[in-house]
Amino acid sequence: MQPRFGFLRERVAIIGGMSSALELRGLSKRYDDGTLALDSLDLDVPEGSFFGLLGPNGAGKTTLIGAVCNLVRPTGGEIKVFGLPGGSLEARSMIGIAEQEPNLDRFLTVRETLVYHGGYYGMRRQDAIARADRIIDVFDLRAKADTRAPKLSGGMRRRLLLARALLHEPRLVILDEPTAGVDVELRHDLWRYIRRLHEQGTSILLTTHYLEEAETLCGEIALISAGRIVARDTADGLKRRYEAETLEDVYLKTVATGRASQEPVAP
Amino acid sequence: MSATEASPPPAALDARPRPWRGFLALALRECHRVLRLWTQTTLAPVISSLLFIVVFGLSLGGKINQIDGFDYEIFIVPGLIAMAMAQAVYSNNSSTIFQARNDRYIDDVLAAPMHSSQMNLGFQVGGVFRAVLIGGALTALAIPLTGAPVEHPAALLAAVVMLLAGFGALGIVVGIYAQTFDHISFINNIVILPLTFLGGVFYSVDRLGSPWEQLSHANPLFYVVEAVRYGFLGSSDVSPWLAFGVITAMAAALIASSQYLFATGRKLKP
């Protein structure tokens, strides 16, 4: 099932040649220990799209996200966010990120976490307080609003991570495995919320290990392996292209075997 | 989760960054942390420094001759305040950065639309706030207890500013490089504390014989103590210009180091 309006907008964006939410050209990252995490990677994420990035552990997903969000120092290439240089203040203000590992400030309550985050992103304090108050309700965090992060359950921490990522109303939301370790009920809650966000015009880049999650949510999917994009299309397009019945089969044929790594992929 | 009835509005169109608001929020967060842990961050250092003044100054001071024309309990006040403030700003900044790195919530700051200088300065503010609370409380208590004067308030203010800038930046640098809390404690217990004690907090280095007097002049903490002592008592073992010159150079070098780390992301970002 595709998100109805978001999918349509995405198709229009692709056909109409609308601007990209994210453009990566020749992006490389070699860590100090010599590991090549990103290998001259090219990728375009169309504005308004719900874009999935799939790949095994160590494929470079989190490094890619870190490079886009000013959390990793790329060793080469170019990043543009809505046409603006990656790492610029303007670009950073347009991105919201929910990282894979809950990284919440241990000294702050739920409400304070959100209010300070709003401040970091340039919101007036009274606006941040009002916005935090609204988003606390959206994510059912009201009962824990004055609880400090270390005392929250795993599910509550996930909700807070997502709420924090969205607090400053970013145009591009990056979700790094947002449903990892989350129970089914919360996963569906998160899906519903993310879909709603996408329908309202927010571009979303999602990484996940759950193939059915990518197939359900994402209008377009890129498969990453060894720091390179090895395949990219809609879920149906990928299945047709690799003559596979399921996305899992595509995954096994591309990422697991590296078959597609020799094929050129349009950015 | 009530996504439909209370979902956020569409993505904001006005995405102009306002980095000074980010800096203010970070500075407030750092002060918030100090106040949340006030018994550890403020009360304990005030009590321990006050005990030094009471035990060494008021109890034993009567048995010690005047130093540089001042009663002993008065002579030790500037050095003790300088030592408490230096330790406070260093400990605060090193631990706040280390914890933020260790738990990775520093990412929320690094990803935000702020200049590197604003991040650096924002993290400094908590330590400065804590040191000023401690220094202010100690001054307010020590002056009526001992009768210590403040001869040159402007010089005292300048010395304190340099002390806070230098030790605050040192805390940032150590907090960024530290792999464990032991590294932070090591610098405090094995470097700052001994050098401060040997920098003339409790005695005048003029009274030391050669080569200890000369060695004391190679100790940068000596100049910090002397600059603060000049502000309080109006006298110091070395020229106040030399003391201010050394601590200004030290502060500038350490601030440049911490700014280099934020500007390049070295050790903060892989």
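The exercises below, each with a worked solution, concern a predicted model.

**Exercise 1. Chain A as a whole**

Determine how many helices and strands chain A has, what share of its residues is buried, and how its contacts are spread along the sequence.

Solution. Begin with the secondary structure, where chain A has ten helices and ten strands. Turn next to burial, for which the count runs over the 267 residues in chain A, and buried residues make up 53% of them. Finally, take the contacts in chain A between residues at least 6 apart in sequence, and 69% of these prove to join residues at least 24 apart.

**Exercise 2. The two domains of chain A**

State how chain A is divided into domains, and describe the contact between them.

Solution. The first step is to set the bounds: domain 1 of chain A comprises 19-94 + 171-267, while domain 2 comprises 104-169. The second step is to place them relative to each other, and here the C-alpha centres of domain 1 and domain 2 of chain A lie 26 Å apart. The third step is to count the contact, in which nine residues of domain 1 of chain A meet eight residues of domain 2 of chain A. On the domain 1 side, the largest share, three residues, is contributed by helix α7 (residues 184-199) of chain A. By class, that same side of domain 1 has six nonpolar, two polar and one charged residues.

**Exercise 3. The contact between chains A and B**

Work out how many residues each chain gives to the contact, and which helices of chain A take part with at least two residues each.

Solution. Counting by chain, 43 residues come from chain A and 37 residues from chain B. Within the side of chain A that touches chain B, at least two residues each are supplied by α3 (89-93), α4 (110-120), α5 (125-138) and α7 of chain A. Sorting the residues of this side by class then gives 19 nonpolar, nine polar and 15 charged.

**Exercise 4. A helix pair in chain B**

Characterise the packing of helix α10 (residues 220-233) of chain B and helix α11 (residues 240-264) of chain B by distance, angle, handedness and contact residues.

Solution. The axes of α10(B) and α11(B) come within 8 Å and cross at roughly 125°. Because of this angle, α10(B) is classed as oblique to α11(B). The crossing of α10(B) and α11(B) is left-handed. For the contact itself, the residues of α10(B) are B:Pro220, B:Tyr223, B:Val224, B:Glu226, B:Ala227 and B:Tyr230, which meet B:Pro240, B:Ala243, B:Phe244, B:Val246, B:Ile247 and B:Met250 in α11(B). Classifying these residues gives eleven nonpolar, no polar and one charged.

Conventions: Residues are numbered from 1 along each chain as its sequence is written. Chains are lettered from A and ligands numbered from 1 in the order in which they are written. This is a predicted model: local features need pLDDT of at least 70, side-chain atom pairs count only at pLDDT 80 or more; totals for chains, interfaces and linings use all residues. Domain bounds come from an automatic or database domain assignment. Two residues are in contact if their C-beta atoms, placed from the backbone, lie within 7 Å. Helices (H or I, at least four residues) and strands (E, at least two) are DSSP runs, numbered from the N terminus. Ala, Val, Leu, Ile, Met, Phe, Trp, Tyr, Cys and Pro count as nonpolar, Asp, Glu, Lys and Arg as charged, and the others, Gly among them, as polar. Axes are lines fitted to C-alpha atoms, for helices over the stretch in contact, and angles run from 0 to 180 degrees between N-to-C directions. Angles under 35 degrees count as roughly parallel, over 145 as roughly antiparallel, 65 to 115 as roughly perpendicular and the rest as oblique. A crossing is left-handed if the near helix is turned anticlockwise from the far one by less than a right angle, and right-handed if clockwise. A residue is buried if 20 or more other C-beta atoms lie within 10 Å of its own, exposed if 12 or fewer, and partly exposed in between; C-beta atoms are placed from the backbone.
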